[in-house]
Amino acid sequence: MKKEREEDFEANLTGEGPQGDDAKPRWFKRIRKGILTSTADKKETPEGLWNKCPECNYICTTTELAENLYVCPKCNHHHRIGSADYYDFLFDNNEYIELFDQIKSKDALGFTDLKPYQKRLDEIHAKTDLKDSMRVATGKVDGEGFVIACMDFEFIGGSLGSVMGEKFSRAVDYCIEHKLPYLVISKSGGARMMESAFSLMQLAKTSGKLSQLSDAGLPYISLLTDPTFGGISASFGMLGDLNIAEPGALIGFAGPRVIKETIKRDLPEGFQRSEFLLEHGFLDFIVERKQLKQKLAQLAMHFRK
Ligand SMILES: [Zn+2]
């Protein structure tokens, strides 16, 4: 009896089954078989409601993930987040003052790749609130005063252009003036090719500026997050009094694929991940996002003594 009912159920679902007078009354009848909605008419699930971990495929709501500081509750994968999220959880009571936020990028060279640079900038300005790939803010972190410069990967891959260089430098001046430690959170693909040589000059500018901070006896902490590449790791990214990183972050100069094709050899497992860099002496330590705030405050205290 049970078997028969199961069969009925199946037949109902597929729209098949006994026809004519023999047919039992059904609660559901499919008139046409298969899924007929054309792709164009499909309704998308609203974006940002659910989040799937790229490492372990664990699915949770974005709210749950945000409460966990965008760290996967199952496998501890640190999701990429922007400056707003970092400022949110680092600064006490989410209170901070944003500095130098009126500096904007300009297309000085009339550069065109797939589209003109100026058009690219206009599009991002229309889409986001970001003015450039780095924001600078000051406030208290667990009671300790800090200046935190943080990159936004969303803005042309967090690339280093004249604006980032200028903001970086002014942030150093601000630190010296107010005797504050400097934290830079890096997340970038490297130099901004649309600014060509102007972009490369920022490597020297920012590195030079850091020696002024050092002369003033103030600490510079470089936090490398996933991913940090090219001009950033070739300049201020690796110049910290402390170079620290988030777990599992990809950090390097050239990407693994380029290196593999150049040296024609397989790369070791975990190559360019923070854990690999720590083992080879490039990092001082790895810090979990949840411990970051507390750790920063501790460091600020130690450096002051
Ligand atoms: Zn996960």
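This passage walks through the sheet of the predicted model, a helix lying across the sheet, and a few unusual backbone spots.

The structure is a predicted model, so local features need pLDDT of at least 70 and side-chain atom pairs count only at pLDDT 80 or more, while totals for chains, interfaces and linings use all residues. Residue numbers start from 1 along each chain, as its sequence is written.

Start with the sheet. Seven strands make up an open sheet, in the order E3-E4-E5-E6-E7-E8-E9, and the pairing is mixed. At the edges stand strand E3 (96-99) and strand E9 (285-286); each has a single partner strand, so one side of each is left without a neighbour in the sheet. Some terms help here: strands (E, at least two residues) and helices (H or I, at least four residues) are DSSP runs, numbered from the N terminus. Two strands pair if DSSP finds at least two bridges between them.

At one edge, E3 and strand E4 (residues 134-141) run antiparallel and are joined by four bridges. Here Leu-99 sits opposite Val-136 in E4. Further along the order, strand E7 (residues 220-228) pairs with strand E8 (residues 242-245) in the parallel sense, over four bridges. Leu-223 has Ile-244 in E8 as its bridge partner. E8 and E9 also run parallel, with two bridges between them, and Ala-245 is matched with Ile-286 in E9.

What lies across E3, E4, E5 and E6? That is helix H3 (residues 83-90), which runs at about 165° to strand E5 (144-151); strand E6 is residues 182-188. For that angle, axes are lines fitted to C-alpha atoms, for helices over the stretch in contact, and angles run from 0 to 180 degrees between N-to-C directions. Contact means that the C-beta atoms of two residues, placed from the backbone, lie within 7 Å.

Now for the backbone oddities. Most residues other than glycine have a negative phi, and most peptide bonds are trans. Asp-226 and Pro-227, however, are joined by a cis peptide bond, with omega about -10°, and Pro-227 lies in strand E7.

Two non-glycine residues have a positive phi: Asn-94, near 55°, and Gln-272, near 70°. Asn-94 is in the loop between H3 and E3, whereas Gln-272 is in the loop between helix H7 (256-263) and helix H8 (274-279). Buried or exposed? Asn-94 counts as exposed because it has 11 C-beta neighbours inside 10 Å, and Gln-272 counts as buried because it has 22. The cut-offs are 20 or more other C-beta atoms within 10 Å for buried, 12 or fewer for exposed, and partly exposed in between, with C-beta atoms placed from the backbone.
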